[in-house]
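Work through the following exercises with the sequence and the coordinates open side by side. Each exercise sets a task and is followed by a solution in steps.

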Amino acid sequence: MPRLIQTFTSTTYKLGSCARNFHGNRSLIYRPILCSHFSLFESKTKQLLSKNPAFGLTIYSSPPNLKDSFQNRHFSDISIKMAGQQSAMATTEAKPKIKLIWLTDSRAQRIVWLMEELGLEYEIEAYKRTSEKKAPEDLKKYHPLGKAPILIIDGHTLVESALIIEYLVDKYGPQYKPAESDSKNFYQYRHLMHYTEGSLMPFMLLALVTLMIRNAPVPFFIRPITGRIADQLSKGFVMPNLVANYDFLESLVKDQPYFAGNELSGADIMLAYPIENAQERLGGWYNKEKYPSLYAWLERVKERPAYKRANDKVTEVEANL
Ligand SMILES: N[C@@H](CCC(=O)N[C@@H](CS)C(=O)NCC(=O)O)C(=O)O
């Protein structure tokens, strides 16, 4: 099995994280190679790889001499490609064949953005929502629930955007997740990956349901009743929970640029969908004065080249639907 070699530039972490990640992910992750640690890193890497020749090696920092040092002095059997800050796949393994089942105005946008961040090649099979805003029945040929996104990769059919993101990050872009040794951010990342769909999105959906009840096409004499039900649901349950959730999110990016630390992670990609939706659809109470950090965060991510490329990509896809 060929070894996976990636190099990135970065400036954090210590050699201590090596062994843990090595055993956990079947790949050795080391960030960075501080020059002072370099010889220790070299010997430890040699030792680990000689015991486990099938394991991969991921390097998150690249002093200029790294490539020569590794390739010529120690690992002449493997090729090391240098990559910049952006993740570019540098691997001796075959490129994965990826198809994304994509639906208009959906969470599938998360996956397009991540794949652009990762520099992956992929095909989009696009579907338009029906007049009732549902996914067309065709999606059920890929999964019985027929929801987007669905990712078909390496013979797997993956559903649930958090799982898809975790799969892609683990396999092609571990720099989009804090290192395990950085336990505060690592567990924040994992928490938010579950939290977004498990805790936040149900309230977004309930807000939509409340609106549907309020606007239900019922006879005029029933309307006061449906209006009252919608009001009670909204004031008593949905709104207080939405406000608490967005207050919580605001507090997370008050003093740091991204949700799980100083770097963009999969958690930011998960949260972009409800945060953009809040700005566009939740109405007056969600505004820049109340949520300045969330507004600033969204501006920040929108400036990322991969985010822009993902938007251009779906604009093109939508134009051909
Ligand atoms: N928790 C799932 C939610 C999937 C989901 O509900 N997707 C929506 C699009 S955002 C969908 O397919 N809706 C169409 C429908 O329900 O008919 C995930 O994160 O992937």
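**Exercise 1. Compare the end-to-end distance of helix H6 with the span expected for its number of residues, and then locate its bend and its buried residues.**

Solution. Helix H6 covers residues 183–214, and its 32 residues should span 46 Å at 1.5 Å a residue, which agrees with the 45 Å between its end C-alpha atoms. The expected span used here is 1.5 Å times one less than the number of residues, and helices (H or I, at least four residues) and strands (E, at least two) are DSSP runs numbered from the N terminus. This is a predicted model, in which local features need pLDDT of at least 70 and side-chain atom pairs count only at pLDDT 80 or more, while totals for chains, interfaces and linings use all residues. Residues are numbered from 1 along each chain as its sequence is written.

The next step is the axis: H6 bends by about 50 degrees at Tyr195, the bend at a residue being the angle between axes fitted to the seven residues ending there and the seven starting there. The buried residues of H6 are Asn185, Gln188, Tyr189, Leu192, Met193, Tyr195, Thr196, Leu200, Phe203, Ala207 and Thr210, and they pack against H5, helix H7 (223–252) and helix H8 (266–281). A residue is buried if 20 or more other C-beta atoms lie within 10 Å of its own, exposed if 12 or fewer, and partly exposed in between, with C-beta atoms placed from the backbone.

**Exercise 2. Classify Thr196, Glu197 and His191 of helix H6 as buried, partly exposed or exposed, and find a partner for each that is distant in sequence.**

Solution. Thr196 counts as buried because it has 26 C-beta neighbours inside 10 Å. Leaving aside residues up to four places away in sequence, Thr196 touches Ala162, Met201, Met270, Leu271 and Pro274, where contact requires C-beta atoms, placed from the backbone, to lie within 7 Å. The C-alpha atoms of Thr196 and Ala162 are separated by 8.6 Å, although the two residues are 34 apart along the chain.

Glu197 is partly exposed, with 17 other C-beta atoms within 10 Å, and its C-alpha atom is separated by 8.7 Å from that of Ser161, 36 residues apart along the chain. His191 also lies in H6 and counts as partly exposed, with 15 C-beta neighbours inside 10 Å; its C-alpha is 9.7 Å from that of Ala260, at a sequence separation of 69 residues.

**Exercise 3. Repeat the helix analysis for H7.**

Solution. H7 has 30 residues and reaches 41 Å from its first C-alpha to its last, close to the 44 Å expected at 1.5 Å a residue. A kink of about 45 degrees is centred on Ser234. Val238, Leu242, Tyr246 and Leu249 are buried in H7, and what covers the buried residues of this helix includes H6, H8 and helix H9 (292–302).

**Exercise 4. List the residues around the ligand and sort them by class, then examine the backbone at Pro149 and Glu160.**

Solution. The shell consists of Leu103, Ser106, Arg107, Lys134, Ala135, Lys147, Ala148, Pro149, Glu160, Ser161 and Glu197, a residue being near a molecule if its C-beta atom, placed from the backbone, lies within 6 Å of it. By class, four are nonpolar, two polar and five charged; Ala, Val, Leu, Ile, Met, Phe, Trp, Tyr, Cys and Pro count as nonpolar, Asp, Glu, Lys and Arg as charged, and the others, Gly among them, as polar.

For the backbone, the general expectation is that most residues other than glycine have a negative phi and most peptide bonds are trans. The peptide bond from Ala148 to Pro149 is cis, with omega near 5 degrees, and Pro149 sits in the loop between strand E5 (123–127) and strand E6 (150–153). Glu160 has a positive phi, near 80 degrees, in the loop between strand E7 (156–159) and helix H5 (161–172), and counts as partly exposed with 17 C-beta neighbours inside 10 Å.

**Exercise 5. State the mean confidence of the model and a stretch where the pLDDT is below 50.**

Solution. The mean pLDDT (the predictor's confidence in each residue, from 0 to 100) is 80, and 71% of the residues reach 70 or more. Over residues 1–37 the pLDDT is below 50, and this stretch has 108 contacts in the model beyond near neighbours in sequence. Where pLDDT is low, the predicted coordinates should not be read in detail.

Technical notes: Contact = placed C-beta atoms within 7 Å.
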